[in-house]
Amino acid sequence: MASNVNPTVRRRRLGLELRRLRELKGMTAEEVAERLLVSQSKISRLENGRRSISQRDVRDLCGVYEVDDHRIVDSLMQMAKDSRQQGWWHAFGDIPYSVYIGLETDAASLRVYEPQVVPGLLQTRQYAEALIAGALPESGAPDIEKRVSVRLRRQDRVKADGQPLRLWAVIDEAALHRVVGGKNLMREQLEYLIELSQLPHVTVQVLPFDMGAHPGINGQYAILEFPDATDSSVVYIEGVTSDLYLEKANDVHKYSVMYEHLRAQALNVDQTRAFIESIVKRYMTG
């Protein structure tokens with residue numbers, strides 16, 4: 001569940017405010033870095049929320065920007081303090097995509113396109129175990145279990161009684177045919193997918209092979225939107241060694257338009273359930 005203080009989101013908000021103060025002062029990131037005797041990349045990382053921000057960083061930046069209002073400084077200092085608290089995911093140790101988890105934890109809605117596998121938030125434990133073990137063949141059992149546990153904890157947002165995550169998933173037909181962990185496991189996974197698709201806040205659509213080329217042909221991506229209007233939407237693209245986060249309005253708009261085309265080309269909700277049910281029957285008789 002989303003906590004009252006999400007460190008990832010606090011870092012983003014604080015970074016945006018620091019950028020706003022710099023731009024009001026008419027300074028470039030390079031000029032600020034030169035004044036503070038730090039690298040320009042550090043200033044950029046502080047402003048985009050990818051780096052923890054200390055209260056000392058805030059104090060120094062407010063000095064450069066000549067912020068005289070102590071209420072503003074105190075507010076920014078408190079945000080810096082909150083941003084250094086640990087989210088629930090830190091209890092699991094080093095998680096390579098912890099920034100994404102922080103964003104997902106606070107998101108109001110998530111639109112995801114998956115070309116190869118069932119989306120993580122809709123996976124059974126057995127499917128997740130088989131998938132992670134296959135994707136990371138050099139990982140030991142403890143690391144696999146940690147990743148599975150984190151994935152299952154993330155699913156709390158979908159199953160929450162109060163304010164669940166609004167999830168829209170477009171899944172390529174290939175994900176339904178890729179036999180992860182055996183046919184019985186796949187049957188259980190697809191039955192679970194049908195079950196979750198009936199939740200009022202979850203929409204699942206399948207993009208069949210006969211649709212041919214489509215806007216998502218280049219691969220998986222997700223669009224996160226937040227309840228606070230000051231938090232800009234984020235496009236997340238997962239990589240093998242590093243992930244990509246796009247926050248510029250033009251980038252988010254392009255991916256949103258792409259997603260609308262995907263939804264239009266995919267089977268509708270009723271057709272999708274019937275389609276998945278037909279594949280479940282194949283796994284039962286195969």
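**Exercise 1.** Which residues lie nearest the centre of the second largest pocket, and how many residues line it?

*Solution.* Before starting, keep in mind that this is a predicted model.
Step 1: Count the lining. The second largest pocket is lined by 13 residues.
Step 2: Look to the middle. Arg-19, Asn-48, Leu-246, Glu-247 and Lys-248 lie nearest the centre of this pocket.
Step 3: Add the volume, which is about 230 Å³ for the second largest pocket.
Step 4: Find the elements behind the lining. Helix H1 (7-25), helix H3 (40-48) and strand S6 (244-246) each give at least two residues, and H1 supplies the largest share, three residues.
Step 5: Sort the lining of the second largest pocket by class. You should get three nonpolar, three polar and seven charged residues.

**Exercise 2.** Describe the largest pocket: its volume, its lining and the elements around it.

*Solution.* Let's begin with the idea behind the search: rolling a probe the size of a water molecule over the atoms shows where empty space is left.
Step 1: The largest pocket holds about 990 Å³ of space.
Step 2: Its lining has 32 residues, and those nearest the centre are Tyr-97, Arg-151, Tyr-236, Glu-238 and Gly-239.
Step 3: Two or more residues of this lining come from each of helix H6 (98-106), strand S1 (109-114), helix H7 (125-135) and helix H8 (141-154).
Step 4: Sorted by class, the lining of the largest pocket has 17 nonpolar, eight polar and seven charged residues.

**Exercise 3.** How do the axes of helix H4 (residues 55-64) and helix H5 (residues 70-83) cross, and within what distance do they come?

*Solution.* Step 1: The axes come within 8 Å, with a crossing angle of roughly 150 degrees.
Step 2: Compare that angle with the cut-off: over 145 degrees counts as roughly antiparallel, so H4 is roughly antiparallel to H5.
Step 3: Note the hand, which is right-handed for the crossing of H4 and H5.
Step 4: Name the partners. H4 brings Gln-55, Val-58, Arg-59 and Cys-62, while H5 brings Val-73, Leu-76, Met-77, Ala-80 and Lys-81.
Step 5: Sort the residues of this H4–H5 contact. There are six nonpolar, one polar and two charged.

**Exercise 4.** Now try helix H2 (residues 29-36) with H4: at what angle do their axes cross?

*Solution.* Step 1: The axes of H2 and H4 cross at roughly 110 degrees and come within 11 Å.
Step 2: Angles of 65 to 115 degrees count as roughly perpendicular, so H2 is roughly perpendicular to H4.
Step 3: The crossing of H2 and H4 is right-handed.
Step 4: On the H2 side, Val-32, Arg-35 and Leu-36 meet Asp-60, Leu-61 and Val-64 of H4.
Step 5: This contact of H2 with H4 has four nonpolar, no polar and two charged residues.

**Exercise 5.** Return to H7 and H8: is their crossing left-handed or right-handed? Work out their orientation too.

*Solution.* Step 1: The axes of H7 and H8 come within 10 Å and cross at roughly 135 degrees.
Step 2: This arrangement makes H7 oblique to H8.
Step 3: Their crossing is right-handed.
Step 4: From H7, the contact takes in Arg-125, Ala-128, Glu-129, Leu-131, Ile-132 and Ala-133. From H8 come Ile-144, Glu-145, Arg-147, Val-148, Ser-149, Arg-151 and Leu-152.
Step 5: By class, the contact of H7 with H8 has seven nonpolar, one polar and five charged residues.
Step 6: Link back to Exercise 2. Arg-151 of H8 takes part in this contact, and Arg-151 is also one of the residues nearest the centre of the largest pocket.

Technical notes
Residues are numbered from 1 along each chain as its sequence is written. This is a predicted model: local features need pLDDT of at least 70, side-chain atom pairs count only at pLDDT 80 or more; totals for chains, interfaces and linings use all residues. Side-chain values use heavy atoms; hydrogens and water are left out. On a 1 Å grid over the protein atoms alone, a cavity is a set of points where a 1.4 Å probe fits but cannot get out, and a pocket is an open set with protein on both sides within 12 Å along at least five of seven lines; lining residues have an atom within 4 Å of a point. Grid points are joined across faces, edges and corners, and a volume is the space filled by probe spheres set on the points. Helices (H or I, at least four residues) and strands (E, at least two) are DSSP runs, numbered from the N terminus. Ala, Val, Leu, Ile, Met, Phe, Trp, Tyr, Cys and Pro count as nonpolar, Asp, Glu, Lys and Arg as charged, and the others, Gly among them, as polar. Axes are lines fitted to C-alpha atoms, for helices over the stretch in contact, and angles run from 0 to 180 degrees between N-to-C directions. Angles under 35 degrees count as roughly parallel, over 145 as roughly antiparallel, 65 to 115 as roughly perpendicular and the rest as oblique. A crossing is left-handed if the near helix is turned anticlockwise from the far one by less than a right angle, and right-handed if clockwise. Contact means heavy atoms within 4.5 Å.
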